[in-house]
Structures are given as C-alpha cells and as structure tokens.
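Thanks for asking me to look this one over. My comments are below as numbered points, to be read with the structure open beside them.

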Amino acid sequence: QKADPDEMPNLYIAIAREYLQDDPSKSLAYADTAINLSSLQAQSKEFIKALEIKVRAWAELQILDSAIILLNEAEIILGGSNDVKSLALILNTLGTVYMVNGDFSKSIKTHQRELEMQQEMSDSSGIAMAMYSIAKTYDMWEKLDSALLHYNKALKIPEQYLRTETLGNIQNRLGNIFLSWGDYKKALDQYFISLQIYESINDSIGMSKAYNNIGVIYHDWGNHEESLIYYMKSFEVDSLLGDVSGQGQTLNNIAILYDDMGNKQKAIATYMRSLRLAEDSRDYYQMAVSSSNIGGVYIEEGKYDLAENYLDNTVKYYVLANSTVGIAETDILYGDLYHGKGEYDKAIRYFNRGLAFALENKLTWSIINAYYGLSVTYESKEDYKSAIKYTNLYHHLSDSIFNQNTSRQLATQASAFEIQKIDQEMEIQKLRLSEQNMKISRQQNIVISLSV
C-alpha cells in the first residue's frame, strides 16, 4: 500500500511471474492488473512485460486463441505510437503463439514484419532474435530447407548479438536437421558443439538435450553401451530439474535399446512408463512417439489388434501436436501392420502414401522403410517385377547412407530373391525370398525422441 505508484506495475508483474507455473489462473489475474496499471501510466516496457506473462499464463491454460486476440489488440495500440521497439517485441510474441497454435504461415509473416522493423532500427540483437524465430517456425513446420537457410543466416550475425543459449539451441536444431537427412557425422558434430556451448553457461536444460541427442547418434550406430551412458546423463539431469517431459523422451530411447537387444517385454514396460510421463506433461508429440513404438513392438509380435489400437492413438496425438511428418511415418507402420495381416493392397496404399510425403520432405529413413515395405509386400503378392524395383531402390539409398556413415553398425537381415521364368509370354520375372543370396537391411521403424 505504501509502494510508489510508478512501481506498482512491476510489483504485480513479479507476483504474476511467481504464480506462472504453479497457478496460471492467479498469474493471469495479477498480470491483468499490471497491464491496466501500466496502460494508465503509459509505461510501455511494463505493459509489454505484463502482456508476455499473461500470454504465457494463457498458454499454460491452453487458451491460445485469447492470447492471439490480446496480442493483435496490443499491436493496434502500439501501432499508433512511435514505440517501434515495443511493437517488435509484441510481434515476436504473437509470432511465437501462432507457431505454438500450429498456424505456421501466420507465424512466418508476423516474424518477417518483426524482422523488417528490427532492420529499420539497425538493432543487431533484434535482427538475430527475429531470424532465429523464423528459422524455428520453419523447423516446427517441418520445412527443413528453409529452416537450415535461416539458422545459417542467424549464425552469420556476430556472436555478441546472439544470446549464448540461443546459439546452443541453433547448433542443436541443426543437428536434428542433419540427422533427419541421414548425415550422422554432421549431426554429431553439431550436438557436441551445442553441448560445449551449454556447458559454458551451465545450462542444464540444454545439456540434457545435447546428451540425449548424442545418445541417439551412438544408438543408431549400434554402440549401445555409449548410447546408454549419454541417455542416462540426460535422464539424471531431467530428474534433477523435475522435467517430466524430458524424462519421458529419454525413457522412450532407453526402451528402444531394450527392443534392439531383443528384450521385448522390458521394452514395452519402459515405453509404457514413457507414455505415462508424456500424458502427465501433456506432451502430445511424445505421447505419439511412445504409442507408435508400442504399436511397432506389437506388430513384430503379431499382436495386430493391439498394434492397431496404439497406431490409431498415435495419429490422434500427432494431429494434436501438428506433426504431419509423424502422421506420414505412422502410415508406413500401418503398412507393416496390414502386411502382417495379409491385407497386401491396403499395406501398399499406406506405404505409398508415407513414401510420397517422405520423398517430398527428404526424410531418408522413412523413404528406406517405405521401399523395404513395398519390396516385401509386392513379393508376398507375387508381383516380382515391382518387388525387384523397390529392392533396388532400397539398396541404392541404404548403401549411400552406409557410405556416408562407415562407422555405423547396420543390422542386416538376410533375404534374397530367386528369379524364375514362369511363362514365355510373361514380361516380368518371378522373385522369391531366399537366405543364400542378396542381403537386405532395414532400419527398424521406430521413432527415437530427439530433444529440440
């Protein structure tokens, strides 16, 4: 009651920030008061701070539409003033909310307007922030070429204008892009660079992300011992931080290790733990990943009804997470499912749908999995000409990946095709699986959790 009136907005902002995680409804109420006081006193900096907390509180409460309305109103208010810097900050927050809400096109347009304002002010820090926001939105939109371009543009800005944490995040996200393209060496280099940056500022959250992603590379190279070391480092940090979502991601990856080692029951139990943690943290993407992997194990065990139930849930979760890539990858798993059930035409439709999206977005391992699935399904249909076609495509792509990653231990599954002439009038060759001829390897169609 004795506080200086000019300091009252800051007092309410501080209280709102304290309640943000534990009681977002209370945080919202205090932020509202701070907004009203700062508006009356024409305190634009305090207004922006209070507004940002209110938006974050709405995000915690999953009320993003209201956040967008408020931010648009604030843009109109600030647009009539000369406070360009505050308006740019509003646009940054608005663009981020659009991204979280899955409206990527609006997010890009908003961040581009923000970038133009920062360039007009010659604000190097602001330019770096806007460029990073554009790159991150393209990344979340799964337009990886555009994301790579803008991340590299952000890195060309002198380091003193980039927050060290942001610099680490860019290197980590670049690693994820290279990994999705099958370039393991580049991905690992980026992850180790990000780890060094995070360690330099003692950023535990960043270190956990880097540990997990380095574990993913070693895992994919077949070095299970080294992989488990990094996964456990990540899990320990997340446990100390109380990061339930992070723990769920790492448990998912540890479950994959058990699966790779043939311990299906332990894998299922660990996937279930991961799924429960994802549900607790409302992490729809991780819920999808864990459900997808559980479904994959049940397909391998021939428990197709259970598998189909988990794959149906996977699609629902990917829709909620706005992940078109995830939905496309699940199509390939549906192909595996229907091949196992002997419904070959249905399997081919799903493989082709997943393949089309994977080719468009250069998702290397999804392409490989789709080629393999089409190969064995056409063989089962006794369409040997098509089987040869997809086997050759499979080998060409998987061999090129192997050559890029010579240290990787590819698990191979022996199989071959014996070509026979069925009839002189037939223009195709007959192909039959055999264990004495050509070897065919396949990347297991499971989803590893990357930290972003």
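The points below go from the whole chain to helix pairs and then to single residues.

1. A word on the source before anything else: this is a predicted model, and every value in this note is computed from it. The chain has 452 residues, and 51% of them count as buried. Its secondary structure comprises 20 helices and two strands.

2. How do the contacts spread along the sequence? Taking contacts between residues at least 6 apart in sequence, 57% join residues at least 24 apart. As for the surface, the chain exposes about 21600 Å², and carbon and sulfur atoms supply 49% of that area.

3. Let me turn to the helix pairs, beginning with α6 (residues 104-120) and α7 (residues 124-140). Their axes lie 8 Å apart and the packing angle is about 165°. Since angles over 145 degrees count as roughly antiparallel, that makes α6 roughly antiparallel to α7. The crossing of these two helices is left-handed.

4. Which residues make this contact? On the α6 side they are Phe104, Ser107, Ile108, His111, Gln112, Glu114, Leu115, Gln118 and Gln119. From α7 come Gly126, Ile127, Met129, Ala130, Met131, Ser133, Ile134, Thr137, Tyr138 and Met140. Sorted by class, the contact of α6 with α7 has 10 nonpolar, eight polar and one charged residues.

5. The pair α11 (204-220) and α12 (residues 224-241) is also worth viewing, with an angle of about 160° and axes 8 Å apart. With that angle, α11 is roughly antiparallel to α12. The crossing of α11 and α12 is left-handed.

6. If you would like to display the α11 and α12 contact, select Ser204, Ile205, Ser208, Tyr211, Asn212, Ile214, Gly215, Val216, Tyr218 and His219 in α11. Their partners in α12 are His224, Glu226, Ser227, Tyr230, Tyr231, Lys233, Ser234, Val237, Asp238 and Leu241. The residues of this contact divide into nine nonpolar, eight polar and three charged.

7. How are α15 and α17 oriented relative to each other, parallel or antiparallel? The axes of α15 (284-300) and α17 (residues 324-340) come within 10 Å and cross at roughly 20°. Angles under 35 degrees count as roughly parallel, so α15 and α17 are roughly parallel to each other. Their crossing is left-handed. Here Ser292, Gly296 and Ile299 in α15 meet Leu333, Asp336 and Leu337 in α17, which gives three nonpolar, two polar and one charged residues in the contact.

8. Two backbone angles deserve a look. Most residues other than glycine have a negative phi. Asn202 has a positive phi of about 55° although it is not a glycine. The residue sits in the loop between α10 (184-200) and α11. Is Asn202 buried or exposed? Its relative accessibility is 59%, and because the cut-off for exposed is over 50%, Asn202 counts as exposed.

9. Arg282 has a positive phi of about 55° and is not a glycine either. Its place is in the loop between α14 (264-280) and α15. At 44% relative accessibility, Arg282 counts as partly exposed. You may want to check both backbone angles in your own viewer.

10. Now for Trp181, which lies in the loop between α9 (164-180) and α10. Why does Trp181 count as buried? Its relative accessible area is 18%, and buried means under 20%. Leaving aside neighbours within four places in sequence, Trp181 is in contact with Leu144, Asp145, Leu148, Asn361, Lys362 and Thr364. Of these, Leu144 is 37 residues from Trp181 in sequence, with 9.5 Å between their C-alpha atoms.

11. My last point concerns Thr164, in helix α9. With a relative accessibility of 36%, Thr164 counts as partly exposed. Apart from neighbours within four places in sequence, Thr164 is in contact with Ile197, Ser200 and Ile201. Thr164 and Ile201 are 37 residues apart in sequence, while their C-alpha atoms are 7.7 Å apart in space.

Notes
Residues are numbered from 1 along each chain as its sequence is written. This is a predicted model: local features need pLDDT of at least 70, side-chain atom pairs count only at pLDDT 80 or more; totals for chains, interfaces and linings use all residues. Side-chain values use heavy atoms; hydrogens and water are left out. Helices (H or I, at least four residues) and strands (E, at least two) are DSSP runs, numbered from the N terminus. Buried means under 20% relative accessible area, exposed over 50%, partly exposed in between (1.4 Å probe, protein chains only). Contact means heavy atoms within 4.5 Å. Accessible areas come from the Shrake-Rupley method with a 1.4 Å probe; for residues, only the protein chains shown count as cover. Axes are lines fitted to C-alpha atoms, for helices over the stretch in contact, and angles run from 0 to 180 degrees between N-to-C directions. Angles under 35 degrees count as roughly parallel, over 145 as roughly antiparallel, 65 to 115 as roughly perpendicular and the rest as oblique. A crossing is left-handed if the near helix is turned anticlockwise from the far one by less than a right angle, and right-handed if clockwise. Ala, Val, Leu, Ile, Met, Phe, Trp, Tyr, Cys and Pro count as nonpolar, Asp, Glu, Lys and Arg as charged, and the others, Gly among them, as polar.
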